[in-house]
Amino acid sequence: PSACVVHLDIDNFYCAVEAADEPRLRGVPLAVTQGNAGGFVALSAEAKAAGLRKGDGVGEGGRRNIPALVAMASIGIAEARRRVPELVVRPMRVERYRQVASSVLALLRRWGRVEKTSYDDFYVDVTAAAAAAAAVGVGGAGVRVWRSDGPPLASGGGQELAPDLSAACSVAQEMRAAVLAELQLPSSAGVARNKLAARLLSAAAKPAGELKGGLAAVADASAAAFLRSRRLLTIPGLQQKRGRALAEALSHLARHAEARQAGGGTGGGAGGVDGGSPGFGPCSTSSLTLGDALSVGRAELARLVGEAEAAELLRLGEGGCDGGVVERGPARSISAEVSFPPTSDAARHAETLRGLAATLLRRCAADGRPPRR
């Protein structure tokens, strides 16, 4: 049978864990902060709605000297509290987040093989569970289905989907309900034939995503079109330096083509499958899609990023397989860490190291494996 993959993403994970442990925090603006004046690393939906952003809450030195924080006009924690008087701030609790992530992993294994990629990201191969559900007529009523020939991410009843994908949506709903009931964690999920499409769909299904609703799927016939419609800088592997370099190169290509056309040029040079203009005009790098990148043609794409990278982008644009869900083995190393403001207090350093050593010993004992050189 064809694969059915669910990507389940815990919404605002750090804040969700804090609210699960302290229910009075539900529905209030909440920020989780690093302990080294590093600012807000997570925000609840209410804090985001009040205008706070990751990168706010940073110490004065960081706001003055870090270019990205200067560009975003980051505000300090005192200003954040002034603007949002009801704001609650909690420190990061890495050990607790690790525990909760392990609980989510154990829960999701009820439905199939699970690949955990971070504390809050989980791929689940539900092929067998979906086939069993489809055999008895179970379908995913009310799922939002992305369609290439209609409004993007329109609401539907699952009837656009193959029976096994529709059943996989029902399985995903079961997962979300169990995670909420047993761990008090809200989540969003995407359902598709491969991990990449499922992950991008779960992002669109989030409360702040373009779809909302908590669950999204894509039909087989629309999968390639869906992937081509995604912005480059949202695609895993293209979200950092690699993606920005490609987006800058494409933007330059579009500006060059526009200037050539304004000057009366007709073809020749870079751009497009036939040496003409690319399939998009000058625009911000953040709005460029995978489809825009592919519109310049393989030869031009290879010139910009190299043959291997061009082949990978073409494979993604065709909805190609990404290797399937792979259960990850035990961690190869065990660590303990903590963040705190810069200090020359030797006594504090010693106290911190003793605490870290104790934490590390507890983790090694719980792991149970003998050390290896």
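Here's a quick briefing on a small sheet and some salt bridges in this structure. It's a predicted model, so local features need pLDDT of at least 70 and side-chain atom pairs count only at pLDDT 80 or more, while totals for chains, interfaces and linings use all residues. Residues are numbered from 1 along each chain as its sequence is written, and side-chain values use heavy atoms, with hydrogens and water left out.

**The sheet**
- Three strands (DSSP E runs of at least two residues, numbered from the N terminus) make an open sheet in the order β3-β2-β5, with mixed pairing.
- Strands β3 (40–43) and β5 (88–91) sit at the edges, each pairing on one side only; pairing takes at least two DSSP bridges between two strands.
- Strand β2 (residues 30–33) runs parallel to β5, and four bridges join them.
- Val32 has Arg90 in β5 as its bridge partner.

**Salt bridges**
- The structure holds 23 salt bridges (a side-chain nitrogen of Lys or Arg within 4 Å of a carboxyl oxygen of Asp or Glu).
- Arg193 forms one with Asp164, with the closest N and O atoms 2.8 Å apart.
- Arg193 also forms one with Asp220, and here the closest N and O atoms are 2.8 Å apart.
- Glu18, Asp21, Arg93 and Arg96 are linked in a salt-bridge network.

**Buried or not**
- Asp164 is buried (under 20% relative accessible area; exposed is over 50%, partly exposed in between, with a 1.4 Å probe and protein chains only), at 17%.
- Arg193 is partly exposed at 23%, and Asp220 is partly exposed at 42%.
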